Amino acid sequence: MEPFLLFISSLISYLLLVDCSELPFQEKMLLKALGLSGRPKPIAPGPVPKTLWKIFEKGINEDNPCRMAGFQVPGNIVRFYRDQGPLISSDMFHGSLCFKKHLFFDLSVIEAKEQVTLSQLEIKFKHNTYQGQEFQLQLHRPLHMALKSMRDHNANRKLLFAQSFRLHHKSLSFNLTKVTQDWTNKNNNMGLILEIFANSNTSMENHVSSSCDQIHSFIHASLLTVTLDPTSCKRRVKRSEEPLLPTPSNICKKRRLYIDFKDVGWQNWVIAPRGYMANYCHGECPYPLTEMLKGTNHAVLQTLVHSIEPEVTPLPCCAPIKLSPISMLYYDNNDNVVLRHYEDMVVDECGCK
């Protein structure tokens with residue numbers, strides 16, 4: 001069954017309170033179609049990045065729904081992950097090292113069918129008065145699992161980036177697309193090691209300590225990924241606008257249906273939209289089928305046979321013949337913020353099949 005039909009059958013059952021015993025199964029099937037293992041229950045959800053809001057508000061380019069215009073790469077899913085790695089104690093620091101942290105992002109939600117087309121690491125700092133102090137940032141990737149004492153050995157890690165910066169920078173960004181593509185195999189995801197050093201011409205311990213006090217403005221690191229689910233991409237054929245003709249109320253046509261996520265108990269994890277006009281198809285497909293009913297060749301023949309043997313062959317069904325996508329912004333099962341384009345969520349036209 002198509003995801004859209006699962007969606008409509010589930011939500012109509014909620015709204016009309018029909019056969020409540022089937023609701024858990026219907027919802028489970030629907031959430032699976034949306035790429036979720038169960039109904040998300042956000043515990044400590046973070047703020048929605050401005051970038052994701054902008055893309056959501058801009059809407060979907062229906063001519064090419066599988067391209068993220070905000071990033072200029074193929075994709076229909078954007079995820080925002082918060083760092084889950086531990087801060088490393090300063091007791092282990094030496095020389096001009098000021099700050100050290102293990103960065104880790106759980107990418108297990110990325111499905112095998114998805115292709116990673118972009119990945120950006122962002123390291124944010126609190127707003128700080130410019131003091132002219134320069135720091136050196138190094139980002140390493142561990143190459144092998146190792147004991148804690150051996151984890152930082154140069155032979156066990158690879159330097160990915162080295163960059164100087166000053167505290168008037170509010171954030172630093174790094175492209176991790178190739179690394180993230182490798183991380184989709186969870187055995188390869190050992191995170192990153194972030195180190196920040198004080199750039200100083202003197203080795204005086206008190207001078208280095210004074211410089212390091214300024215770097216405590218570190219806030220957090222986050223990872224943004226854009227992935228493409230090719231199974232959700234469809235080429236759209238533009239139809240010419242047709243005049244709306246008056247039709248009998250019992251004839252197959254599009255009917256209005258507004259889905260309010262609050263009514264189905266999804267308001268805690270769906271960020272936007274709060275609801276949308278889904279519509280549905282309903283009505284009869286009588287013989288003879290007129291052009292207005294947009295019947296398929298099969299439906300035309302079926303109505304002909306029905307006119308001869310009505311007890312043996314039923315009439316065709318009223319069903320969607322044109323659907324369009326919507327974007328949803330929500331928290332997933334790991335409290336990550338996700339922006340996803342979903343195909344076949346809005347009924348635009350109905351016909352007989």
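Reader: Below what relative accessible area is a residue called buried?
Author: The model shown here is predicted. A residue with over 50% relative accessible area is exposed, and one between the two cut-offs is partly exposed. Buried means under 20%.

Reader: Is R141 buried or exposed?
Author: R141 lies in strand β6, residues 134–142. Its relative accessibility is 15%. The cut-off for buried is under 20%, so R141 counts as buried.

Reader: Which side chain does R141 meet in a salt bridge?
Author: The N to O distance in this salt bridge is 2.6 Å. The partner lies in helix α4 (residues 177–183), so the pair ties together parts that are 41 residues apart in sequence. With a relative accessible area of 31%, the partner is partly exposed. The side chain that R141 meets is that of D182.

Reader: How many salt bridges does the structure hold?
Author: The pair R141 and D182 is one of them. Another is formed by E195 and K100. In total, the structure holds seven.

Reader: How many residues apart in sequence are the parts tied together by K101 and D83?
Author: The side chains of K101 and D83 form a salt bridge at 2.3 Å, N to O. K101 belongs to strand β4 (residues 97–103), while D83 sits in the loop between β3 (77–82) and β4. Both residues are buried. The pair therefore ties together parts whose separation in sequence is 18 residues.

Reader: How many residues apart in sequence are the parts tied together by E195 and K100?
Author: The closest N and O atoms of E195 and K100 are 3.5 Å apart, and the two form a salt bridge. Both residues are buried. E195 lies in strand β9 (residues 192–198) and K100 in strand β4, so the parts they tie together have a separation in sequence of 95 residues.

Reader: Which residues are joined into one network by salt bridges that share partners?
Author: E195 and K100 form a salt bridge with each other. Shared partners bring R157 into the network as well. The residues joined are K100, R157 and E195.

Reader: Which side chain of opposite charge is nearest to D335?
Author: D335 is buried, at 14% relative accessibility. A salt bridge needs the nitrogen and oxygen within 4 Å, and the nearest side chain of opposite charge is 4.4 Å away, leaving D335 without a salt bridge. That nearest side chain belongs to R82.

Reader: Which backbone nitrogen does the side chain of D335 reach?
Author: D335 is in the loop between β16 (318–331) and β17 (337–352). Not counting residues up to four places away in sequence, D335 touches K41, P42, I43, A44, P45 and R82. At 3.3 Å, the backbone nitrogen reached by its side chain is that of I43.

Reader: What is the phi of Q72?
Author: Most residues other than glycine have a negative phi. D335 is not a glycine, yet has a positive phi of about 65 degrees. Q72, in the loop between β1 (67–68) and β2 (73–74), is exposed at 53% relative accessibility. Q72 is not a glycine either, and its phi is positive, at about 60 degrees.

Reader: Which residues does a cis peptide bond join?
Author: Most peptide bonds are trans. The cis bond here has an omega of about 0 degrees. One of its residues, P273, is in the loop between β13 (270–272) and β14 (275–277). The residues joined are A272 and P273.

Reader: Which residues form a nonpolar patch on the surface?
Author: Together the residues of this patch have about 440 Å² of accessible area. Helix α6 (residues 297–308) holds I308, which is exposed with a relative accessible area of 64%. L301 is also in helix α6 and is exposed at 55%. The patch is formed by Y287, L301, L304 and I308.

Reader: How far apart in space are L301 and L289?
Author: In sequence, L301 and L289 are 12 residues apart. From C-alpha to C-alpha, their separation in space is 9.6 Å.

Reader: What share of the chain's residues count as buried?
Author: The secondary structure comes to six helices and 17 strands. The chain exposes about 19,800 Å², with 53% supplied by carbon and sulfur atoms. Of its 353 residues, the share that count as buried is 45%.

Definitions and conventions: Residues are numbered from 1 along each chain as its sequence is written. This is a predicted model: local features need pLDDT of at least 70, side-chain atom pairs count only at pLDDT 80 or more; totals for chains, interfaces and linings use all residues. Side-chain values use heavy atoms; hydrogens and water are left out. Patches are made of residues with over 30% relative accessible area and no salt bridge: like charges are joined within 9 Å, nonpolar side chains (Val, Leu, Ile, Met, Phe, Trp, Tyr) within 5 Å. Accessible areas come from the Shrake-Rupley method with a 1.4 Å probe; for residues, only the protein chains shown count as cover. Helices (H or I, at least four residues) and strands (E, at least two) are DSSP runs, numbered from the N terminus. Buried means under 20% relative accessible area, exposed over 50%, partly exposed in between (1.4 Å probe, protein chains only). Lys and Arg count as positive and Asp and Glu as negative; His and the chain ends are not counted. A polar contact is a pair of N or O atoms within 3.5 Å; within protein, one must be able to donate a hydrogen and the other to accept it, and residues adjacent in sequence count only if both atoms are side-chain atoms. Contact means heavy atoms within 4.5 Å.
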